[in-house]
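User: I'd like to learn how to read a fold like this one, starting with the sheets. Please take me through it step by step.

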There are 2 protein chains.
Amino acid sequence: MRKVKLFIATSLDGYIAQPNDDLSFLKLVEKEGEDYGYTAFNSTIDTVIIGRKTYDYVVKEIGISHYDNGERDVYVVTRTERPDSGRIKFYSGSLVELVAKLNNEKGKDIYCDGGAEVVNELLKNDLTDELTISIVPILVGNGTRLFKEGIPEQILEFISAKTFESGLTQLHYRRKRD
Amino acid sequence: MRKVKLFIATSLDGYIAQPNDDLSFLKLVEKEGEDYGYTAFNSTIDTVIIGRKTYDYVVKEIGISHYDNGERDVYVVTRTERPDSGRIKFYSGSLVELVAKLNNEKGKDIYCDGGAEVVNELLKNDLTDELTISIVPILVGNGTRLFKEGIPEQILEFISAKTFESGLTQLHYRRKRD
């Protein structure tokens, strides 16, 4: 069974961005040659689900090559349909149905790359199987919260906590399903 | 210099209680003989600051002996004055002034024992020197958030991450002041 995975960084007080999509607090932990396990994580997935706003932001900041590299199916969740472009598909249906469809196909795991809306839609429907949360040693006080209100109670199984020289701590959990 | 310290447990999504002050999710990590460093932490402090609602809750649930044990000065922060009782003092002035006064006195460190209102009033005024946050492996989705909005940005120094068999992870930070 394919798993749906989060891999995301937050401030200690639970924000993934400061107001106006300001991600500059991530610079606190940027270190040459340290990708905090991102490459290894990426080797476990072949499909990305991402919100449209986050997609547009990344394309603007990094370039479309970040997604359109021929290696992964990318589902951009949007309310406004756009034509697909190679393995980048714009998807305006139900996220629950998308995950069900992907789970019926063979493949590696599925990476939800944000933003908060898509993450929380997955969490609300208890569709997240693994969470890797990197805690940046800062309180930022305002912005976009990783966890919105209204997620149903979900007991997790702790897998590991990794600490890094920069002060980042990476917590890894699996959804406990009985 | 005395330090103001938090020592508090939260769900992974950042709640210290579910609605109606429901703390039952803490039972997930309750284990006989495991106090998650609470006794050791207590030996570093001799003064407690606590919100009135949390104080009343603990007195009702555990009994006044939890606070009135002759070993610590307890400041109960309240809007409604009450007569002091031994080393338990009801305080309705400014929290900033209280911390300044305590910092001018000799003693061990100062423990803020909650609730969220008092914790956030300290954080808003950048008066918290150490944070020990125990993360319980659960998402609860609703309730009282540990970190409210509006805390000014505060860079922290990571001290340690301790993991426990129950799946609890305890993160320890120091406020970085330049």
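Analyst: Start with pairing: two strands pair if DSSP finds at least two bridges between them. The strands (E, at least two residues) and helices (H or I, at least four) are themselves DSSP runs, numbered from the N terminus. This is a predicted model, so local features need pLDDT of at least 70, side-chain atom pairs count only at pLDDT 80 or more, and totals for chains, interfaces and linings use all residues. Residues are numbered from 1 along each chain as its sequence is written, with chains lettered from A and ligands numbered from 1 in the order in which they are written.

User: Let's try one pair. Which residue is the bridge partner of Gly51(A) in E4(A)?

Analyst: Val77(A) is that partner in E4(A). E3(A) and E4(A) run parallel, joined by five bridges. Move on to E5(A) and you find a parallel pairing with E4(A) again, over four bridges, where Val76(A) has Phe90(A) as its partner in E5(A).

User: How many strands are in that sheet, and in what order do they come?

Analyst: There are nine, forming an open sheet that reads E5(A)-E4(A)-E3(A)-E6(A)-E1(A)-E7(A)-E11(A)-E10(A)-E8(B), with mixed pairing. At the edges sit strand E5 (88–91) of chain A and E8 of chain B, each pairing on one side only. For an antiparallel stretch, look at E10(A) and strand E11 (residues 169–175) of chain A, which share seven bridges; there, Phe158(A) is partnered by Tyr173(A) in E11(A).

User: Which helices pack on it,?

Analyst: First, the vocabulary. Contact is counted when two C-beta atoms, placed from the backbone, lie within 7 Å. Angles run from 0 to 180 degrees between N-to-C directions, along lines fitted to C-alpha atoms (for helices, over the stretch in contact). Helix H2 (residues 52–61) of chain A touches strand E3 (45–51) and strand E4 (73–77) of that chain, its direction making about 105 degrees with that of E3(A). Helix H4 (residues 116–124) of chain A lies across strand E1 (4–11), E3, E4 and strand E6 (109–112) of chain A, plus E8 of chain B, at about 110 degrees to E3(A).

User: What handedness does the E3(A), H2(A), E4(A) unit have?

Analyst: Point the strands away from you and follow the path from the first strand over the helix to the second: clockwise is right-handed. This β-α-β unit is right-handed.

User: Is E4(A) mostly covered or open?

Analyst: Here we count neighbours: a residue is buried if 20 or more other C-beta atoms, placed from the backbone, lie within 10 Å of its own, exposed if 12 or fewer, and partly exposed in between. E4(A) is mostly covered, with four of its five residues buried. Over in the other chain, E3(B) has six of its seven residues buried.

User: And Pro19(A), is it buried or exposed?

Analyst: Exposed, because Pro19(A) has just 11 other C-beta atoms within 10 Å. You'll find Pro19(A) in the loop between strand E2 (15–17) and helix H1 (38–42) of chain A. Leaving out residues up to four places away in sequence, Pro19(A) touches Asn142(A) and Gly143(A).

User: Now the two chains. How are the copies related?

Analyst: Two copies of a chain are related by a rotation about an axis and a shift along it. Here a rotation of 180 degrees with 0.0 Å of shift along its axis superposes chain B on chain A, at RMSD 0.0 Å; the fit is by least squares on C-alpha atoms of residues with pLDDT of at least 70 in both. The two copies are thus related as by a two-fold rotation axis. Both copies use the same surface: 100% of the contact residues of chain B recur in chain A.

User: How many residues does each chain put into the contact?

Analyst: Chain B gives 29 residues and chain A gives 29 residues. On chain B's side, strand E8 (138–139), strand E10 (154–163) and strand E11 (169–175) each supply at least two, and E10(B) gives the most, with seven residues. That side divides into 17 nonpolar, eight polar and four charged. Nonpolar means Ala, Val, Leu, Ile, Met, Phe, Trp, Tyr, Cys and Pro, charged means Asp, Glu, Lys and Arg, and the others, Gly among them, are polar.

User: Where do strands pair across the chains, and in which sense?

Analyst: Strand E10 (residues 154–163) of chain A and E8(B) pair in the antiparallel sense over two bridges, with Ile155(A) opposite Ile138(B).
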